[in-house]
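Q: Could you walk me through how this protein holds its ligand? I am new to this, so plain sentences would help.

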Amino acid sequence: MIDKTSPLPIYYQLVELIKGMIEKGELKPGDSLPSEREYAERFKISRMTVRQAITELVNSGYLFRQKGVGTFVAEKKIEQQLLGLTSFTEDMQSRGMVPSSKLISFEIVSSPAYISEQLNIQEHAPVYEIKRVRLADGIPMALETTFVSANLVKGITEDTVSQSLYDYIEKQLSIKIGEATQVLESSIATQQESQYLKIKKGSPILLIQRNTKLADETPLEVVKSSYRADRYKFMITLKR
Ligand code: 16G
């Protein structure tokens, strides 16, 4: 309920009320939201206040608007821990989701200087360049470009990367993956990203670059991923 005597702003109380209904499952993904007028009448508040609350929930990804149709509850974002070094396949499986990949391109190319530097190999040495759309339960989550030295990880095929690359490296080749550094930054979807991720051009995305090393410190991969910001959030535990 909305408490007009509370020091908390009314729009904020409405935000929390709607969020609570979504979290408790009283409002489910895809449900359409009552109109601004209905909320205004139900709580005896102004439509402006309702609009402010709804805009905030749209901006934070709880709701989405469809022009001329209405406002709907968005799919819950996938919350990814930034603790362990896991693969996309493992991440999705641990959530009970079905991972899959759509292979966009797969080739052995001559390594560009900036990749050679990061993989600690000679310029123009052969590297696999693998471009994949990563999907969860059939929904595109990320567009990922992976560079791996072809002299280090041998025998990668289209079949391998349609499944799990980490699985192939560890189980088939018995190579031990060590640690990675990851950099996250925000951006907006390019034409290509929007096409593969099935989002509008200019939608917010999270760019992630992961540089992974083997247990013996040899650089393994340079991966650039574009994650849908409407479906993903990242979580980290901080210890003092
Ligand atoms: C994740 C990793 C990527 C790795 C891939 C392996 C991030 C940002 N990136 O997508 O670096 O190559 O998993 O996944 O998490 P796979 O074993 O399922 O092919």
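**The ligand and its surroundings**

A: Keeping in mind that this is a predicted model, we can begin with the space taken by the ligand, which is the largest cavity.

Q: Ok, and which residues come nearest to the ligand?

A: There are 16 residues around the ligand, and those that come nearest are Thr89, Glu144, Ser164, Leu165 and Glu221.

Q: What is the make-up of that shell by class?

A: The shell around the ligand has six nonpolar residues, together with five polar and five charged ones.

Q: How far is the side chain of glutamate 144 from the ligand?

A: A polar atom in the side chain of glutamate 144 lies 2.5 Å from an oxygen atom of the ligand. Two arginines also have a side-chain N or O atom close to a ligand oxygen: for arginine 134 the distance is 2.8 Å, and for arginine 210 it is 2.8 Å.

Q: And how much of the ligand does the protein cover?

A: On its own the ligand has 460 Å² of accessible area, and the protein covers 99% of that.

Q: Which helices and strands each supply at least two residues of the shell?

A: Two helices do so, helix 4 (88-94) and helix 7 (165-172), along with strand 5 (126-136), strand 8 (204-214) and strand 9 (219-228). The largest share, three residues, comes from strand 9.

Q: Changing topic, what domains does the chain have?

A: The domain assignment gives domain 1 (10-73) and domain 2 (78-235), and their centres, taken over C-alpha atoms, are separated by 36 Å.

Conventions:
Residues are numbered from 1 along each chain as its sequence is written. This is a predicted model: local features need pLDDT of at least 70, side-chain atom pairs count only at pLDDT 80 or more; totals for chains, interfaces and linings use all residues. Side-chain values use heavy atoms; hydrogens and water are left out. A residue is near a molecule or strand if one of its heavy atoms lies within 4 Å of it. A polar contact is a pair of N or O atoms within 3.5 Å; within protein, one must be able to donate a hydrogen and the other to accept it, and residues adjacent in sequence count only if both atoms are side-chain atoms. Accessible areas come from the Shrake-Rupley method with a 1.4 Å probe; for residues, only the protein chains shown count as cover. On a 1 Å grid over the protein atoms alone, a cavity is a set of points where a 1.4 Å probe fits but cannot get out, and a pocket is an open set with protein on both sides within 12 Å along at least five of seven lines; lining residues have an atom within 4 Å of a point. A molecule sits in a cavity or pocket if more than half of its atoms lie within 2 Å of its grid points. Helices (H or I, at least four residues) and strands (E, at least two) are DSSP runs, numbered from the N terminus. Ala, Val, Leu, Ile, Met, Phe, Trp, Tyr, Cys and Pro count as nonpolar, Asp, Glu, Lys and Arg as charged, and the others, Gly among them, as polar. Domain bounds come from an automatic or database domain assignment.
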